[in-house]
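Please open the model in your viewer and keep the sequence panel beside it, since each stop on this tour begins with something to select.

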Amino acid sequence: MHPFAAMEKQFDPEDEIREVISSFGLSGHEHIRRYGNGHINDTYLLESEDSRQSTDYILQRINRSVFACPEEVAENVWKITQYLRQAVAQEGGDPSRETLTVLESKDRKPYVRDRSGEIWRLVRFIKDSISYEIADTPQLFAASGEAFGHFQYLLRGFDASCLAETIPDFHNTPKRYQRFEEAVSRDAAGRAGGVQEEIEEIRKRSCVCSMLTDQILSGSLRQSVAHNDTKLNNVLFDRETGRPLCVIDLDTVMPGLAAYDFGDSIRFGANHSLEDERDLDRVEFDLHLYEVYAAGFLRGSGAIFGKNELQSLAWGARIITLEQAIRFLTDYLEGDCYYHTDREGQNLDRARVQIKLLNGMEEHFGQMLKIVEDTHA
Ligand code: ADP
Ligand code: GN1
Ligand code: MG
């Protein structure tokens, strides 16, 4: 054996995590395990031996290849949650359960940088809460709509210009389309030949990509604060009452449109399959779920939307579904570099699901527009 071999320390992610935890001034959390189903960050649950006596925490390593400046992500989340605490309290709510509680490090930053430069953040685990991957009932989906609508309502007075743009052009669909065409031309993973049908599905819709961005440019839609990642699993529900409790996953809270938030929820939840379902017969856009979500979203947001914003919501569903199909297919073509995957072809399956949903939305688009109009009236 080489004389130094015995001295070499085995890389142990748990040791690294313990060091991070202690930089947050915490100790005594014996159990560390991976948690959640997110596609981007690495999430861990920290539990102590006796969870009745002490708080559990969610620790997350912010993905550095997705977020060019993870410190800014953490700073944004800090600003938003500080604002939400007050807004929730003013309504007579409980800020410790109705918004995330972000912990500061020993040197009073809302994150810790570890030895290898990774950025970690820590929030209190909200007990007796649950999140869902599929809406088991229309009521549940409506309740998630109410939560995201109310999130917009609570942040209506927040100055969006103080937020960093954590991912530039995040919902700039025409730019996403451009990158997709580049990925097709480059064909880095040699997969383009096998997905010509899906490529054509995207191409034939290229002219609708700018439907929302054109309205921003012309001034008919104004950007305010948006969550930008309103999947059903980004709402925590109270386990006991079933009521929506807290909107989480605030990494992409940035200036944006209500249509993005409305649309992203619809593309994920107005359907009875998972986002990566392989059997496309199980994937179907559900107009009834769309309708109940719209009612929840508009109830939660009060009367904050003007006429143009209301009219943009149904378009939001179509555009964000198209954009997500573009994003999944682009990642597939590039060799699965962006979204976490745990099997071959997963990004392609995800793209196919979005395309199938998009077909359903296009078929029912007249009704989708009318539903929002009637719900608001
Ligand atoms: P990702 O960016 O990876 O999607 P999330 O912030 O959405 O990460 O967290 C992943 C999952 O962890 C959520 O869907 C939820 O189930 C759970 N979770 C996150 N934060 C909390 C919290 N503060 N309390 C309870 N559960 C949480
Ligand atoms: C990612 O992190 P997660 O799983 O909540 C992605 C969203 C996509 C979503 C698709 C920062 O969200 O934009 O809509 O996957 N987040 C980022 O499931 O790109
Ligand atoms: Mg999430």
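In the residue classes used on this tour, Ala, Val, Leu, Ile, Met, Phe, Trp, Tyr, Cys and Pro count as nonpolar, Asp, Glu, Lys and Arg count as charged, and the others, Gly among them, count as polar. The model is a predicted one, in which local features need pLDDT of at least 70 and side-chain atom pairs count only at pLDDT 80 or more, while totals for chains, interfaces and linings use all residues. Residues are numbered from 1 along each chain as its sequence is written, chains are lettered from A and ligands numbered from 1 in the order in which they are written, and side-chain values use heavy atoms, with hydrogens and water left out.

**First stop: ligand 2**

Select ligand 2 and the residues near it, where near means that a heavy atom of the residue lies within 4 Å. The selection should hold 18 residues, of which Asp229, Lys231, Glu275, Gln324 and Tyr338 are the closest. Coloured by class, this shell shows seven nonpolar, five polar and six charged residues. Helix 10 (residues 307-334) gives the largest share of the shell, three residues; helices here are DSSP runs of H or I with at least four residues, strands are runs of E with at least two, and both are numbered from the N terminus.

Now look for polar contacts, which are pairs of N or O atoms within 3.5 Å; within protein, one atom must be able to donate a hydrogen and the other to accept it, and residues adjacent in sequence count only if both atoms are side-chain atoms. A polar side-chain atom of aspartate 229 is 2.8 Å from an oxygen atom of ligand 2, a polar backbone atom of histidine 39 is 2.9 Å from an oxygen atom of the ligand, and a polar side-chain atom of aspartate 249 is 3.0 Å from an oxygen atom of the ligand. Of the 440 Å² of accessible area that ligand 2 has on its own, the protein covers 97%, with areas taken from the Shrake-Rupley method and a 1.4 Å probe, and, for residues, with only the protein chains shown counting as cover.

**Second stop: ligand 1**

Keep aspartate 249 displayed and move to ligand 1, where an N or O atom in the side chain of aspartate 249 lies 2.9 Å from an oxygen atom of the ligand. Serine 131 places a side-chain N or O atom 2.8 Å from an oxygen atom of ligand 1, and a backbone N or O atom of isoleucine 126 is 2.8 Å from a nitrogen atom of ligand 1. Ligand 1 exposes 550 Å² when taken alone, and the protein buries 92% of that. By class, its shell has eight nonpolar, nine polar and two charged residues. Select strand 3 (57-61) and strand 5 (119-124) next, as each supplies at least two residues of this shell.

**Third stop: a three-stranded sheet**

Which strands make up the open sheet with the order 6-8-9? Select strand 6, strand 8 and strand 9, whose pairing is antiparallel, two strands being paired if DSSP finds at least two bridges between them. Strand 6 and strand 9 are the edge strands, each pairing on one side only.

Between strand 6 (residues 129-130) and strand 8 there are two bridges, with serine 129 opposite aspartate 238 and isoleucine 130 opposite phenylalanine 237. Three bridges join strand 8 to strand 9 (residues 244-247), and cysteine 246 is the bridge partner of leucine 236.
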